[in-house]
Amino acid sequence: VTPLTDRCYITLSQALAMCLGGAPAGPAGTGKTETVKDLGRMYGKYVVVFNCSDQLDFQAMAKIFKGLAQSGAWGCFDEFNRIELPVLSVVAQQIATVFLAMKQRRTAFEF
């Protein structure tokens, strides 16, 4: 575990405690995805990695979020920046809805 990995663990853990997510950033091949998967393993969570592309639309993302919410798994979205801007706008609203439901400790919510 490097000092940067340790810092990432602490930052992401603090975000989780506040019912928020995280977005590790950096050059390709530096271990961002593996760090998230390792942290998920430490928390006893299954981490599903999605490789995003410009082909993803908001309906597909909604299905992914619904599956993650129902299973309690974490989602790791590689290449998130490849999603088209109009889709990202809707996805941001979907993510905000999920996080709000988590903060309110709801057992059900709708997009």
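Thr5, Cys8, Tyr9, Leu12, Ser13 and Leu16 in helix α1 are a good place to start, since in this predicted model they meet Thr35, Val36, Asp38, Leu39, Met42 and Tyr43 in helix α2. Sorted by character, the residues of this contact divide into 8 nonpolar, 3 polar and 1 charged.

How do these two helices lie against each other? Two packed helices are described by the angle between their axes and the distance between the axes. Here, α1 covers residues 3-17 and α2 covers residues 32-43. Their axes come within 11 Å and cross at roughly 55°. Because of that angle, α1 is oblique to α2. If you look at the handedness of the crossing of α1 and α2, you will find that it is right-handed.

Now let your eye travel along the rest of the chain. Its secondary structure comes to 4 helices and 2 strands. Starting from the N terminus, the elements follow the order α-α-β-α-β-α, and the pair you have just met, α1 and α2, takes part in the contact described above.

Finally, step back to see the chain as a whole. The C-alpha atoms fill a box of roughly 40 × 35 × 20 Å along the principal axes. A compact globule with 111 residues would have a radius of gyration near 13 Å, so the 14 Å of this chain agrees with that picture. Of the 111 residues, 25% are buried. Contacts also link parts of the chain that lie well separated in sequence: among contacts with a separation of 6 or more, 67% are between residues 24 or more positions apart.

Notes. Residues numbered from 1 in each chain as written. Predicted model: local features only at pLDDT ≥ 70, side-chain atom pairs only at ≥ 80, totals over all residues. Heavy atoms only, no water. Axes fitted to C-alpha atoms, helices over the stretch in contact; angles between N-to-C directions. Parallel < 35°, antiparallel > 145°, perpendicular 65-115°, else oblique. Left-handed = near helix turned anticlockwise from the far one by under 90°. Contact = heavy atoms within 4.5 Å. Nonpolar A, V, L, I, M, F, W, Y, C, P; charged D, E, K, R; others polar. Rg over C-alpha atoms; globule rule 2.2 N^0.38 Å. Buried < 20%, exposed > 50% of the residue type's maximum accessible area, 1.4 Å probe, protein only.
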